[in-house]
Amino acid sequence: MKKFIVILVFLVSISIGPPSSFAAADCPSIVSWDGVELKSGQIGRVIIQKPTAIFKNVNGNFEVYRKVIVGENFRVYVNKGAYFHLGGGLVIKNDSTILYQTPSKEKMSQLNCVRTARTSFTVGDSITSVLSELGTAKRTVTNEFNASTSIYHQKYNNFYAISYLNNKIASLYTKDKNYQFNGISITNTVSQIESKLGNQYETTGNTYPIEIITYKLPTYEANFFIDVHNDNKVSAILLIDQELINRNSNLYPPKSSSLESSYESLLFELTNAERKAQGVSILQYSTSISNVARKHSLDMGENDYFNHDNLRGESPFDRLKNGGILFRNAGENIAMGYSNPYFAHEALMNSLGHRKNIISTNYTQLGVGVHFAKWTYGSIPYYTENFIKP
C-alpha cells in the first residue's frame, strides 16, 4: 500500500540568455566484466557454488538477509578474509559455498580516472568506516537536527553528505552511482525498488509521477529521490536515523542564522554535484550574488509573497543590476516550504525550468540565499538561487 503525503512547497524559475548545450562526462560510464558492469570501488566478485545465505550487519550482529542459489554473483567491495562486504551493509561468508574472483589489471586500470568510494557503510556504522573510504571532509555544515553534516567528494564526483551521532552515521545522502542500499542504487527504477523493499512506502510531493519514495524502517528512514525526467530512475538516496528525526518534532527547524548559512552552502554543493553528474562544468560561488539572492528570500518571507518580481516590481535581473552584478546571461530559481536543501534541490531538478537553470552551460557563477520566515508552525524556509555568466 502506497501512502501519499502532500507538503507545502512551491517552485518557480526564470532565465535569460541563449539555449543550453551539454558537455560530455569526464570519464567513461561503464566498464564491463563478463557482461556485468564493473563498478569503481569494486575489488572482485563472488559466484555462488552451493546454496547459502547473505547476511546484514545489524547493530554489530550478522543477521540472515536472504538465501542465495547456485549461479548468482555479487560485487565485492571489501575483503575481510573470513567474509566479504557486498555493499549496503551486506556480507557473505568466505567458505566453500562461494568462488571469489578478482578482475584483471586491465579492467581495473579502466576505472582509474575517478576514485570512487567503496559502499560498505550505512546508518549506524562507525565514523571510521567513512573516513577510511572517503577521506577528509571538504566542508562541514549544520543540519536541521542541530547536528553537523560533513560533505565528501572528489571534485564533485561521488558526492556524500553524512551526519554523525556518537561517532556513528546518523544520516547519509549520496549521488554516488556505486553506492548500494539493500541492493538498490542510483539509476534503479521504482519497480526495482519495490522488488527489493516491497510496496509499503509513502510518497511525498504534490505532483505525479512519484518524486520521492520513503520507507519507514524500524530504526531509520530510507528516502529515494526519483528523477521524473530520466525514466523515473533514482537520482539520490537519503537515509536518516530515527534518533536524529526525533530531535525535531516540528515540520520545519527553528530559525537561526547559522542554519540559513549552512542551507546556502549545502544547496550550492548539491548544485555542483548535480552538474558533475550531468557532465556539466561546475559553478563558482559568488558572495555578491548570494547577497542579492539572500535579500530576495528575506523579502519574500517577511512580506508574505512568492514571486520572481518583488513588491516594488523589480525582476531578478533588476535586482542583480542594482546589486552591482554585471552579466550576459542570468537565471533564477526560487522555492519555499522544503524542510532541507536535499528535498529542495531534488524537487527543482524535477521541474524542467529549474532543471534547465541548474545544469545549463550558459552560467559560470552561482549565489544562494536562504531565509527562515515566521510561520504558523514556527518558521518556513525560502530559497533563492541566482545563476549568471559575466
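Is Asp34 buried or exposed? With a relative accessibility of 60%, Asp34 counts as exposed; buried means under 20% relative accessible area, exposed over 50%, and partly exposed in between, computed with a 1.4 Å probe on protein chains only.

The structure is a predicted model, in which local features need pLDDT of at least 70 and side-chain atom pairs count only at pLDDT 80 or more, while totals for chains, interfaces and linings use all residues. Residues are numbered from 1 along each chain as its sequence is written, and side-chain values use heavy atoms, with hydrogens and water left out.

Side chains of opposite charge can pair when their charged atoms come close. A salt bridge is defined here as a side-chain nitrogen of Lys or Arg within 4 Å of a carboxyl oxygen of Asp or Glu. The whole structure contains 12 salt bridges, including the three listed below.

| Salt bridge | Closest N and O atoms |
|---|---|
| Asp34 and Arg45 | 2.7 Å |
| Glu221 and Lys216 | 2.5 Å |
| Lys255 and Glu260 | 2.6 Å |

Asp34 forms its salt bridge with Arg45. Asp34 lies in the loop between β3 (31–33) and β4 (36–38), and Arg45 in strand β5 (residues 44–48), so the pair ties together parts that are 11 residues apart in sequence. Strands (E, at least two residues) are DSSP runs numbered from the N terminus. Arg45 is buried, at 12% relative accessible area.

In the second pair, Glu221 is buried at 9%, whereas Lys216 is exposed at 52%. In the third, Lys255 is partly exposed at 45% and Glu260 is buried at 10%. Elsewhere, Lys175, Glu274 and Glu346 are joined into one network by salt bridges that share partners.

Technical notes
Helix = DSSP H or I, 4+ residues; strand = E, 2+ residues; numbered from the N terminus.
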